[in-house]
Amino acid sequence: MKLSLRTANHLMWRAGFGSDYGFLQDWVGPEHKSLVNWLFEDARQFRSIHTDWVRPEPNEYKMASRERKEKIRQGSNNSIRQLNVDWLGRMATERGALREKMAVFWHGHFACRPNTPRQAQTYLDTLRKHSLSNFGELLHAVSKEPAMINYLNNRQNRKGSPNENFAREVMELFTLGRDQIYTEDDIKEAARAFTGWTINLNGEFVKRIRQHDFGEKSFLGRRGSFDGEEILDIILEERQTATHITGKLFRYLVNDEPDHEKIEQLSNLFYHSGYDIGLLIREIFEADWFYDQENIGSLVKSPIEYIVGAQKQFHITLGGTRPLLFLQSVLGQQLFFPPNVAGWPGGLNWIDSGTLLMRMNLPKIFMAAGSKQENEDIPKKVRKKLNSLEITINRDQLRNDWKMAFEMGGLEEISKFYLQSGITGGIGELNQSDMFKAIMYLTKLPEYQMC
Amino acid sequence: MENRRDFLKSIGLVTAGTVFVPSFLHANNLKKSTHKRLVVIQLSGGNDGLNTVVPYRNDDYYYFRPQIAISDSEVLRLDDELGLNPGMSSFRKLFDEGYVSIYNNVGYPNPNRSHFRAMDIWQSGMPESKEQTGWLGRYLDHACSGDDPAPAIELESKLSMSLKGHREKGLAVENPERFYQSIKDPQISQIADKGYSGNNSDLGYLYKVLNNVKHSASYIREHYKLGKTIGAYPLNQFGNDLKSIARMINGHIDTRVFYVSLTGFDTHAGQPNKQRNLLKLYSDGVSAFVKDLKNSGEFEDTLILTFSEFGRRVKENGSRGTDHGKANNVFVMGGSLKEAGLQGKAPDLNNLDDGDLDFNIDFRQIYATILNKWMNTDHTQVLNGKFNTLGFI
């Protein structure tokens with residue numbers, strides 16, 4: 001299939017966070033598979049996102065005065081915030097969008113709130129490193145992340161006094177799905193297998209033999225003196241795991257309305273490939289049905305997609321740690337801070353009266369960069385916090401894009417670029433002579449919230 | 001959660017091409033509201049209940065808190081066991097007039113000491129689940145037809161979980177005038193009127209939200225402008241918020257739930273002055289609010305619930321503060337309480353749960369009482385369980 005502006009844009013939104021007009025225009029004409037190849041090639045390399053946080057020695061922290069402890073805590077929280085915006089920056093300004101897009105998915109899937117910069121860093125590394133590779137490896141790795149061990153109370157999971165939190169969520173949320181195959185007894189038995197998985201004083205994952213229950217367990221119809229790894233492997237042997245993960249990915253990448261027949265086919269492929277994530281999503285992006293009318297512009301942009309996407313579409317760069325965190329928070333999705341272990345519910349849940357109005361006004365705020373004009377439409381408290389948002393616009397590139405699009409097909413073309421779902425009734429009444437005003441109108445349309 | 005299709009069906013968006021017409025366009029209906037209303041005040045950060053309602057005759061209390069205990073000469077005595085924080089003199093007046101019920105030892109099994117998780121638990125009313133809706137949101141799901149212009153209002157820029165239901169959602173209105181201004185932008189206003197007639201059901205939902213916001217904004221503002229207040233509110237955000245609520249109520253708005261929060265209660269250090277100032281703010285604000293509602297005759301139809309996500313440790317820490325704890329007190333106020341005053345037992349400092357106060361009233365009993373007896377809704381439909389109701393209304 002030869003790419004059009006609309007289908008190229010669709011692929012870029014779903015495999016990444018959208019793109020600028022010039023980029024898309026370069027891809028109009030080639031086969032869609034070549035852009036899929038480009039996306040995978042672009043995302044091939046993994047580069048860690050570092051924190052410069054130096055963790056105090058456990059004893060040093062213990063002995064510190066209360067004021068010093070408070071200082072350490074603040075420094076630690078700041079480093080987590082910094083990691084958040086560094087990651088956001090990667091999504092917006094560098095290449096490898098597909099890797100980041102999938103890492104955000106896994107962050108919502110293996111949802112957890114890291115407590116320390118080190119927890120955040122290694123957790124993020126794991127999500128990003130495995131985001132396109134193998135689900136089994138990702139599951140094993142994330143299960144041993146100190147952030148996860150801590151978040152789901154596995155430190156309290158010891159022989160003789162098991163804590164079932166992790167064992168329950170690993171099946172209910174991370175693999176099989178709620179009430180699928182497993183029983184309460186399976187949870188109890190799995191919890192025993194994860195006993196002793198904990199964190200040492202240096203904050204690293206360790207297995208404490210003395211806290212581990214080596215006894216025989218009966219799990220999903222198998223018997224043996226399983227340890228945690230074996231439990232994960234048994235779960236991966238179950239087809240249901242592939243079905244659950246594929247269904248969730250379908251809703252993230254294709255359509256909120258699941259197509260059970262397609263999900264069945266895809267999950268078959270996923271299962272028999274040994275859980276090859278890259279293979280599965282390549283299959284999706286290469287399928288002709290992925291570009292069907294009903295799938296284009298059918299998803300509500302998540303706040304992260306909105307923030308990153310706007311930066312790409314308008315050639316802007318957003319900076320300032322606090323305001324960027326605030327922006328994520330008022331829109332309802334703060335990285336490293338999911339509402340709970342079930343992750344962000346997504347879809348229409350992103351939208352309420354407050355978030356919708358906020359979204360409608362944001363492009364105006366972004367575009368007003370540099371001007372001291374107060375934006376009266378935004379609540380005062382919000383405005384104050386956003387005031388320190390650092391906005392840099394590459395006006396030349398933006399102008400070039402608009403000019404190119406306008407010459408290609410007037411405002412109609414520009415609207416096609418910004419609005420994936422198209423406008424009902426067309427752009428009929430728009431004033432073609434004030435292009436800036438017209439574009440601001442387009443981005444206020446609810447259509448702009450879709451991708 | 002309901003599935004997506006049910007949800008869209010429930011708001012009438014599943015058939016392609018539906019053009020919706022808001023059925024509450026009768027904003028000129030300025031009659032007195034027919035519903036009883038609930039005002040929720042959330043003390044964020046974990047208010048130290050033990051220094052709010054003080055067991056001033058209890059030796060253990062002074063033993064555990066050598067530096068921050070409130071002496072019996074300072075407390076505002078309520079009976080011969082308990083007294084209020086000295087910052088709460090205006091609250092005390094309300095208590096004396098029989099407008100306040102105080103419940104101590106309110107909590108739930110396996111309490112959580114994280115601010116976020118604990119707040120989620122209080123807001124969702126479902127400690128054991130990963131529920132993403134709030135108890136008041138689910139109440140709206142049951143009680144509202146979808147046609148009410150402003151069934152619930154939170155005085156915030158962002159809606160908290162409390163007011164999010166599966167189908168219905170409260171409105172985040174940081175300030176009624178600004179809320180109205182934000183939709184007055186001619187482009188946004190035009191888009192809101194335009195509506196949607198395509199077959200993308202999610203997009204249809206967005207247009208519907210926007211259209212509702214527009215009408216709600218004018219509706220709210222109209223009542224806000226009409227209402228009068230004379231109370232002396234504290235000159236800060238919390239005072240302004242309560243004043244705005246009083247104006248809307250006195251302007252006969254038909255809103256069932258108002259939600260407002262006061263933050264800063266996370267007093268790990270230097271607690272005595274901080275907490276006293278906050279409680280004074282709270283008391284003075286509530287007192288002005290009650291005065292305005294009494295004046296207009298609305299107080300009898302109003303119930304005010306005050307809670308915090310957790311209480312604090314019984315033993316003070318090393319920097320004149322307290323760390324996160326468990327059970328806490330809850331206040332219910334209103335013009336038509338059946339049982340006012342101190343309810344149930346005083347905190348028991350002899351039987352602590354790992355250094356924290358244990359609970360003997362489940363917070364969901366308070367919710368259940370409000371739902372059943374005040375808001376006319378079967379609480380089992382909202383709270384996912386049956387709870388014994390209490391006698392305050």
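Across the interface of chain A and chain B in this predicted model, 10 residue pairs are in polar contact. Five helices of chain A each supply at least two residues of the side that touches chain B. These are α10 (165-174), α17 (321-331), α18 (353-367), α19 (380-386) and α21 (435-444). Of the elements on this side of chain A, α18(A) gives the most, with seven residues. By class, the side of chain A that touches chain B has 22 nonpolar, 12 polar and 17 charged residues.

The contact draws on both chains. Chain A contributes 51 residues, and chain B contributes 49 residues. The size of an interface is often given as the accessible area lost when the parts come together. Here, chain A and chain B bury about 4,100 Å² between them. Carbon and sulfur atoms account for 56% of that area. Charged pairs also cross the interface. The count between chain A and chain B is three salt bridges. One of them pairs Arg66(A) with Asp323(B). The closest N and O atoms of Arg66(A) and Asp323(B) are 3.5 Å apart.

Within chain B, strand β5 (residues 100-107) pairs with several strands. Five bridges join β5(B) to β10(B) (residues 328-334), and this pair runs antiparallel. Here Tyr103(B) has Val330(B) as its bridge partner. Three bridges link β5(B) to β11(B) (residues 341-343), and the two strands run parallel. In that pairing, Ile102(B) is matched with Leu342(B). Two bridges connect β5(B) to β12(B) (residues 361-362), again in a parallel sense. Gly107(B) is matched with Asp362(B) in β12(B). Eight of the eight residues of β5(B) are buried, so the strand is largely enclosed by the rest of the structure.

Chain B also holds an open sheet of three strands. Their order is β2-β4-β3, with antiparallel pairing. The edge strands are β2(B) (53-54) and β3(B) (76-77), and each pairs on one side only. Two bridges join β3(B) to β4(B) (residues 83-84). In this pair, Leu84(B) is the bridge partner of Leu76(B).

Salt bridges occur throughout the model. Side chains of opposite charge can pair when their charged atoms come close. A search of the whole structure finds 45 salt bridges over all chains. In chain B, Arg65(B) forms a salt bridge with Asp48(B), and their closest N and O atoms are 2.8 Å apart. Arg65(B) lies in the loop between α2 (59-64) and β3 of chain B, while Asp48(B) lies in the loop between β1 (37-44) and β2 of chain B. The pair therefore ties together parts that are 17 residues apart in sequence. Arg65(B) is buried, at 0% relative accessibility. Asp48(B) is buried too, with a relative accessible area of 1%.

A second salt bridge in chain B joins the side chains of Lys326(B) and Asp356(B), at 3.9 Å from N to O. Lys326(B) sits in the loop between β9 (302-308) and β10 of chain B, and Asp356(B) in the loop between β11 and β12 of chain B. This pair therefore ties together parts that are 30 residues apart in sequence. Both Lys326(B) and Asp356(B) are buried. These residues belong to one network of salt bridges that share partners. Its members are Arg113(B), Arg313(B), Lys326(B), Asp353(B), Asp354(B) and Asp356(B).

Chain A offers a salt bridge inside a helix. Arg282(A) and Glu286(A) meet at 3.4 Å, N to O. The two residues are four apart in helix α15 (residues 277-286) of chain A, so about one helical turn separates them. Arg282(A) is partly exposed, with a relative accessible area of 26%. Glu286(A) is also partly exposed, with a value of 22%.

Other parts of chain A are covered. In helix α1(A) (residues 5-15), 10 of the 11 residues are buried. Among them are Leu5(A), Met12(A), Trp13(A) and Arg14(A). His109(A) lies in helix α6(A) (residues 97-109). His109(A) is buried, with a relative accessible area of 1%. A polar contact of 2.9 Å joins its side chain to that of Lys248(A). Beyond its neighbours within four places in sequence, His109(A) is in contact with residues including Phe135(A), Leu173(A), Phe174(A) and Val341(A).

How values were computed
Residues numbered from 1 in each chain as written. Chains lettered and ligands numbered in written order. Predicted model: local features only at pLDDT ≥ 70, side-chain atom pairs only at ≥ 80, totals over all residues. Heavy atoms only, no water. Buried < 20%, exposed > 50% of the residue type's maximum accessible area, 1.4 Å probe, protein only. Pairing = 2+ DSSP bridges. Contact = heavy atoms within 4.5 Å. Buried area = accessible area lost by both parts, 1.4 Å probe. Salt bridge = Lys/Arg side-chain N within 4 Å of Asp/Glu carboxyl O. Polar contact = N/O pair within 3.5 Å; in protein donor to acceptor, adjacent residues only side chain to side chain. Nonpolar A, V, L, I, M, F, W, Y, C, P; charged D, E, K, R; others polar.
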